[in-house]
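The report below walks through one protein chain, from its overall make-up to the packing of individual helices. Please keep the sequence and the structure in view while reading.

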Amino acid sequence: MMKTPRSGVILALTVLCALTARGASLETTLKRGERLFSEKKYEQALELFLKAADENPGTPQGADALLMAGVQYDWLAGIKQDSALIEKEKEVLLRLIRQYPQGPRIDDAYLYLGQTYSGAVRVPVKVDCPKAIGLYEKAIAAATDRAWIKAQAKGRIGQCLRLQGREDEARAAFKEVEEKYPGTPWAKEAQKLLASNPKNE
């Protein structure tokens, strides 16, 4: 059996230690960003998440950072009532989809991007229901074991259908959420939407 030269072992250990330290540092950065978000310091959190995404391409944490950057833009858009920030959110989510097409955050990305087109954001935007529905359907297809994503995306499809005046289809979507995803927050939302009558509102 051939022995690895001592210098090779030292080099391998040095690289491993550096990668481990980088991973730990990245986790710390993401936790700090989440703490800033919970403290409503969205601009500081945004800066941190964008930097983490830029410095860690191709990693699961890089995908997490991009998703969280999109969330910060959404909150900032609502606070500032600035729809231009929703365009920034779209850019970040599209970047996430391009860079991580098979990644663990792809379903979230499609869901949140769909919301930017269906008007389910904190500032008035131009609504494009056909585009939104296509994105929600991708979120449902990608969310293999995440019922809440499927429920929310299907519920949002129902809202889009209702906006388009397709009430029977909208009600069918809400009913599907209620029946297929009973333990999710959107099951309760679907019940409310089924009970409401848009013609009387």
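## Terms for helix packing

Axes are lines fitted to C-alpha atoms, for helices over the stretch in contact, and the angles run from 0 to 180 degrees between N-to-C directions. The structure discussed here is a predicted model.

## Helix 6 and its two neighbours

Helix 6 and helix 7 (residues 147-163) pack with their axes 9 Å apart and at an angle of about 160 degrees. Because angles over 145 degrees count as roughly antiparallel, helix 6 is roughly antiparallel to helix 7. Their crossing is left-handed, and the contact involves C129, A132, I133, Y136, E137, A139 and I140 of helix 6 together with I149, K150, A153, K154, R156, I157, C160, L161 and L163 of helix 7.

Helix 6 (residues 129-142) also packs against helix 5 (residues 106-118), here at an angle of about 165 degrees and with the axes 8 Å apart, so helix 5 and helix 6 are likewise roughly antiparallel to each other. The crossing of helix 5 and helix 6 is left-handed. On the helix 5 side the contributing residues include I106, Y110, L111 and L113, while on the helix 6 side they include C129, A132, L135 and Y136.

## Overall make-up

The protein chain contains nine helices and zero strands. Buried residues account for 43% of its 201 residues, and among the contacts with a separation of 6 or more, 53% join residues that are 24 or more positions apart. The chain exposes about 11,600 Å², of which carbon and sulfur atoms supply 55%.

## The nonpolar core

The largest nonpolar core has 58 residues, and the members that touch the most other members are F49, L96, L111 and Y136. Helix 3 (residues 60-80) provides the largest share of this core, with 10 residues.

One of these highly connected members, L96, touches A63, L66, L67, R105 and A109 when residues up to four places away in sequence are not counted. Two others, L111 and Y136, also take part in the contact between helix 5 and helix 6, and Y136 is listed again in the contact between helix 6 and helix 7.

## A loop residue under cover

Is T184, which lies in the loop between helix 8 (167-180) and helix 9 (185-195), buried or exposed? T184 has a relative accessible area of 9% and is therefore buried, given that buried means under 20%. Leaving aside residues up to four places away in sequence, T184 touches A147, W148 and A151.

Notes. Residues are numbered from 1 along each chain as its sequence is written. This is a predicted model: local features need pLDDT of at least 70, side-chain atom pairs count only at pLDDT 80 or more; totals for chains, interfaces and linings use all residues. Side-chain values use heavy atoms; hydrogens and water are left out. A nonpolar core is a set of buried Ala, Val, Leu, Ile, Met, Phe, Trp, Tyr and Cys residues joined through side-chain atoms within 4.5 Å. Buried means under 20% relative accessible area, exposed over 50%, partly exposed in between (1.4 Å probe, protein chains only). Helices (H or I, at least four residues) and strands (E, at least two) are DSSP runs, numbered from the N terminus. Contact means heavy atoms within 4.5 Å. Accessible areas come from the Shrake-Rupley method with a 1.4 Å probe; for residues, only the protein chains shown count as cover. Angles under 35 degrees count as roughly parallel, over 145 as roughly antiparallel, 65 to 115 as roughly perpendicular and the rest as oblique. A crossing is left-handed if the near helix is turned anticlockwise from the far one by less than a right angle, and right-handed if clockwise.
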